[in-house]
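Please open the structure in your viewer and keep the selection tool at hand. The tour below proposes one selection after another and states what is found at each stop.

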Amino acid sequence: MYKEKIDTYIDGKREEMLADLSALVRIDSQKSEAKEGMPYGEGPAKVLAAGTAIMEKYGLTVKNYGNRVITGDFGEGEKELDILAHLDIVPVTEDWTVTQPFEPKIVGDRIYGRGTADDKGPAIAALYAIRAIKELGLPLKKSVRLILGSDEECGSSDLKYYYGIEKEAPYSFTPDADFPLINIEKGRFAKSFEAAYADNEQFPKVVMLKSGSKVNVVPQKAEAVVAGIEKDILEKAAAHASVETGVEFIIEECSGPVYADSEEAVSGKETEKKDQAGRTGAEQADAVVYCIIHAKGQAAHASTPADGKNALTAMLHLLAALPIADSEGYRRLKGLHTMFPYADTCGEALGIRCSEPQSGELTMCFSVLDYTPEKLRGEFDSRLPIGCNATNTSEPVGRMFESYGMKIADTDVSNPHCVPGDSFFVKTLLGSFERYTGIKGEPLSTGGGTYVHNLERGVAFGCMMPDVDNHMHGDDEFMVIDTLLMSAKIFADAIMKICG
Ligand SMILES: [Zn+2]
């Protein structure tokens with residue numbers, strides 16, 4: 001049986017694996033400015049060169065695709081399996097304590113460093129799985145390809161380029177997520193929208209609203225400036241809104257409208273103050289009272305919006321209840337409140353609520369808004385269960401936005417992804433996982449998207465074990481060394497079953 005041979009081989013390569021991984025971790029492979037022949041900048045090009053050297057050292061046939069992706073092939077027959085990992089990394093965070101991000105360090109049973117878990121470690125595990133089969137001389141009828149990309153963290157344009165040239169293999173997996181295996185990924189409908197309109201002189205009015213900065217995060221804070229309503233009246237309304245939403249509001253009088261054109265507006269460093277009539281700050285202050293409203297909720301990932309408290313939709317909830325004078329801008333704010341009422345995190349008011357047993361419920365997160373009396377721009381992020389497409393989600397939502405005088409950028413959606421849980425491929429991979437872990441391998445569904453989202457027959461397989469938090473994207477990212485070795489064995493076992 002090959003299992004014992006593979007196990008002995010991998011166990012014997014522990015030091016070499018850690019050395020190869022460390023060589024990759026020492027390279028700062030964050031995306032940076034493009035240079036000639038380096039579409040993602042110097043770091044990604046450097047790490048691809050290092051990856052090439054390692055694969056060639058172990059006798060794989062290496063090919064470079066535009067310095068975006070490198071591939072390493074092994075085996076004689078037709079290509080049956082692609083394994084996709086990536087060598088680029090997310091930006092470094094500030095508070096590392098065990099070591100520095102590019103100084104890999106082994107402490108106890110772990111190796112620390114940026115990319116040890118995401119995704120340089122898993123890339124090395126896959127490479128050693130292939131190396132084991134090759135050096136042990138185990139027979140494969142079909143061939144396997146390791147695909148190493150360098151733009152996973154910034155939109156996966158590397159794979160777009162690669163699959164513009166090459167066809168999808170009969171089977172693909174990416175060790176860039178969780179064990180046991182993810183076979184279902186929700187689709188995504190994330191858009192920006194905007195509108196421009198005429199201001200008017202009517203008070204009371206909302207002169208500024210700003211909330212959120214990232215489309216995939218439930219906004220924790222929102223700030224709005226209201227003119228022409230006394231502070232004590234705002235406080236009463238805010239107290240109601242707070243009970244209804246669970247979001248806290250703090251209200252302060254301020255000296256004038258702070259337009260949200262500038263980032264300084266919300267941070268309090270007011271650079272320029274003017275009102276719509278061009279009056280000076282002192283004149284406005286005499287004419288009308290201005291208050292700034294701070295809303296504080298709770299952030300969460302946009303794929304699980306019910307876990308957060310959305311400060312933006314809570315702010316709209318409050319503003320919609322105030323005696324504000326009619327205006328083009330305020331009508332649009334009320335339209336947004338109608339489409340994204342607080343606590344509706346499933347697209348019900350937008351008329352697209354739906355769910356499906358395997359992939360769950362549609363989620364909707366209104367994540368960014370920047371409003372002035374003359375224009376607005378916003379973003380939202382919706383995750384779509386199986387069965388959703390542009391016709392039943394983005395198109396009706398686009399029409400509803402238009403009915404309120406706003407326009408979404410376009411109606412493209414990324415469709416949901418599903419490889420059947422009872423397919424040969426999924427069952428085979430889960431079998432290899434069970435063989436090494438003794439844990440029952442049930443396939444998982446995610447609201448996020450993995451590296452193989454756009455592949456018809458791709459699944460995510462490893463390397464994060466349930467119940468281990470590897471601090472991916474955070475400080476002190478690490479990989480458990482035994483998990484790295486075990487992953488290599490699991491992958492070798494899977495390759496033997498799929499290509500053998
Ligand atoms: Zn990754």
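In what sense do strand β11 and strand β19 pair, and over how many bridges? Select residues 205-211 for β11 and residues 363-371 for β19: the two pair in the antiparallel sense over 3 bridges. Within this pairing, Lys-210 has Asp-370 of β19 as its bridge partner. Strands (E, at least two residues) and helices (H or I, at least four) are DSSP runs, numbered from the N terminus, and two strands pair if DSSP finds at least two bridges between them.

This is a predicted model, in which local features need pLDDT of at least 70 and side-chain atom pairs count only at pLDDT 80 or more, while totals for chains, interfaces and linings use all residues. Residues are numbered from 1 along each chain as its sequence is written.

Next, widen the selection to the whole sheet. It is an open sheet of 8 strands in the order β14-β15-β13-β11-β19-β20-β10-β21, with antiparallel pairing. β14 and β21 (407-408) stand at the edges with a single partner strand each, so one side of each lacks a neighbour in the sheet. α6 packs on the sheet, touching β13, β14 and β15, and its direction makes about 170° with that of β14. Such angles run from 0 to 180 degrees between N-to-C directions, with axes fitted to C-alpha atoms, for helices over the stretch in contact. Contact requires C-beta atoms, placed from the backbone, within 7 Å.

Now select residues 231-245, which form helix α6. Which of its residues are buried? They are Leu-234, Ala-238, Ala-241 and Thr-245. A residue is buried if 20 or more other C-beta atoms, placed from the backbone, lie within 10 Å of its own, exposed if 12 or fewer, and partly exposed in between. The buried residues lie on the same side of α6, because they cover an arc of only 65° around the axis, taken from the directions from the helix axis to the C-beta atoms. On the other side, Asp-232, Lys-236, Ala-239 and Val-243 are exposed. Just after α6, select Gly-246, which takes a positive phi of about 80°.

Move on to helix α10, residues 328-339. This helix lies across β10 (187-196), β11, β19 and β20 (375-384), running at about 45° to β11.

Finally, select Ala-129, which touches Ala-488, Phe-491, Ala-492 and Ile-495, leaving aside residues up to four places away in sequence.

How values were computed: Two residues are in contact if their C-beta atoms, placed from the backbone, lie within 7 Å. The expected span of a helix is 1.5 Å times one less than its number of residues.
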